[in-house]
Amino acid sequence: MNIQKPAADFEPDTAQAEAALDVLRAFAARASDAQLAAMDPALRRLLPGEPDPAYPEFRRDYPAEFEADTAYKRTMPDLQNGPSSLIKGARTAIQHVGISNFRLPIRFMTRDGGGDSAEHGDVTLQASITGTVSLEAEKKGINMSRIMRSFYVHAEKRFSSQVVEAALDDYKNDLESFDARIQMRFSFPLKVNSLRSGLVGWQYYDIALELVDTGGVRRQFIHLDYVYSSTCPCSLELSEHARAGRGQLATPHSQRSVARISVEVLPGKVLWFEDLIDACRSAVPTETQVMVKREDEQAFAELNAANPIFVEDAARLFCEALEGDARIGDFRVVASHQESLHSHDAVSVLTRGAAFEAQSLDPKLFSTLIHIG
């Protein structure tokens, strides 16, 4: 048999190449699996449904037996610690970067625990943690998992300011940052008595603890949401005017109200969460109730009538209580009376000291003061 070999200088055109591909596809459509398997892999990749020749074959089973040893981990890329040439956008410092809503069970001691070693005074609460550090202009980013690992090292310890400071030290050093911040949010349960019936129920207080390290100076803050009832003094007097002058039954309007109390805790004696709650109760005693019978409801109406307040009154009453505590430095009171007369709320903000001064307010600040449970 004579086999004609193509001339060395043969140059097929596009049409001839497409015709050859059609022949290949026609052959493949009729070929057996054995014939296809015997084909040159380079030809087989030209067939429909075959993998892209530039895309390699990968294992698809999970390698449970694989262990990442030290040598292997050194080969792994770490873009967050890459050179400054990888920075996107403005090459500038970032004041806060980190994690938010990282949850951990934290063990707290209550004021009635009887001392630093009293186990019966402990309560374990789920805390939502925010941890951030500053980022220098020449650094691309941080390894955020280091913040979480720092908290886990201290998670089993009973909460104290020293424990929080140790966690902050750890991740500040790990990430080589000059400023750092920790904030822990949780719901703090406290038993409260009814006004007259003798019933007892659990009141829950939204509390946040904050430790701020700026330029090597550390400050600690507590934020507390206190929920109370506010009876409008004007409405109370108008109601009494209608009763006295016209024999007309009328009721003053009252509404659920919230004050967010933020205080700087000065070094020295402990400022317990319960102490701050007691200060709020002494300033505005009309705290919303938990367990209520008829005699309690009547008592609450009498208590509101004895303590009618505008939102301005509330801010000043809280201020007076906070100013009298030597354990408290700078503070802020944000009050919101969520009116039943109007379709809008009455609000006030009162600050003492530079820590809480602000020319601008978060647009969502007052909307976060609505408590529904």
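How many nonpolar, polar and charged residues does the lining of the second largest pocket have, by class? The lining has eight nonpolar, five polar and five charged residues. This pocket is shown in Figure 5, after views of the sheet, the helices and the largest pocket. The model is a predicted one.

**Figure 1. The open sheet of eight strands.** The strands follow one another in the order β1-β2-β3-β4-β5-β6-β7-β8, with antiparallel pairing. β1 (94-109) and β8 (346-352) are the edge strands, and each of them pairs on one side only. On average, and with direction ignored, neighbouring strands of the sheet are turned by 15° against each other. Within the sheet, β6 (residues 254-265) and β7 (residues 328-337) run antiparallel and are joined by eight bridges. V258 has S336 of β7 as its bridge partner.

**Figure 2. Helices α5 and α8 against the strands of the sheet.** Helix α5 (residues 145-154) packs on the sheet, where it touches β1, β2 (122-135) and β3 (180-193). The direction of α5 makes about 20° with that of β1. Helix α8 (residues 273-283) runs at about 65° to β3. The strands that α8 lies across are β1, β3, β4 (200-214), β5 (217-231), β6 and β7. β1 and β3 are thus named for both helices: α5 touches them, and α8 lies across them.

**Figure 3. Packing of α5 with α6.** The axes of α5 and helix α6 (residues 161-174) are 9 Å apart, and the two helices pack at an angle of about 150°. The crossing of α5 with α6 is right-handed. On the α5 side, the contact is made by R146, I147, S150, F151, V153 and H154. On the α6 side, V163, A166, A167, D170, Y171 and D174 take part. Sorted by class, this contact of α5 with α6 has seven nonpolar, two polar and three charged residues.

**Figure 4. The largest pocket and its lining.** The volume of this pocket is about 760 Å³. Its lining is made up of 29 residues, and F159, S160, S161, Q220 and V270 are those that lie nearest the centre. At least two lining residues come from each of β1, α6, β3, β4, β5 and β6. The lining of the largest pocket divides into 16 nonpolar, five polar and eight charged residues.

**Figure 5. The second largest pocket and its lining.** About 500 Å³ of space lies in this pocket. Of the 18 residues that line the second largest pocket, R332, V334, L361, D362 and L365 lie nearest its centre. β6, β7 and β8 are the elements that give two or more residues to this lining. The largest share, three residues, comes from β8, which is also an edge strand of the sheet in Figure 1. The classes in this lining are eight nonpolar, five polar and five charged residues.

**Figure 6. The largest cavity, lined in part by α5 and α6.** The structure holds two cavities of 30 Å³ or more, and the largest has a volume of about 100 Å³. The residues lining the largest cavity are L104, I106, F151, H154, A155, K157, F159, V163, V164, A167 and M184. F151, H154, V163 and A167 also belong to the contact of α5 with α6 in Figure 3, while F159 also lies among the residues nearest the centre of the largest pocket in Figure 4. β1, α5 and α6 each give at least two residues to the cavity lining. The most, three residues, come from α6. Nine residues of the lining of the largest cavity are nonpolar, one is polar and one is charged.

**Figure 7. The second largest cavity, with lining residues from β3 and β4.** This cavity holds about 30 Å³ of space. V192, N193, S194, L199, V200, G201, Q289, V290 and M291 form its lining. β3 and β4 each supply at least two of these residues. By class, the lining of the second largest cavity divides into five nonpolar and four polar residues, with no charged ones.

Definitions and conventions: Residues are numbered from 1 along each chain as its sequence is written. This is a predicted model: local features need pLDDT of at least 70, side-chain atom pairs count only at pLDDT 80 or more; totals for chains, interfaces and linings use all residues. Side-chain values use heavy atoms; hydrogens and water are left out. Two strands pair if DSSP finds at least two bridges between them. Helices (H or I, at least four residues) and strands (E, at least two) are DSSP runs, numbered from the N terminus. Axes are lines fitted to C-alpha atoms, for helices over the stretch in contact, and angles run from 0 to 180 degrees between N-to-C directions. Contact means heavy atoms within 4.5 Å. A crossing is left-handed if the near helix is turned anticlockwise from the far one by less than a right angle, and right-handed if clockwise. Ala, Val, Leu, Ile, Met, Phe, Trp, Tyr, Cys and Pro count as nonpolar, Asp, Glu, Lys and Arg as charged, and the others, Gly among them, as polar. On a 1 Å grid over the protein atoms alone, a cavity is a set of points where a 1.4 Å probe fits but cannot get out, and a pocket is an open set with protein on both sides within 12 Å along at least five of seven lines; lining residues have an atom within 4 Å of a point. Grid points are joined across faces, edges and corners, and a volume is the space filled by probe spheres set on the points.
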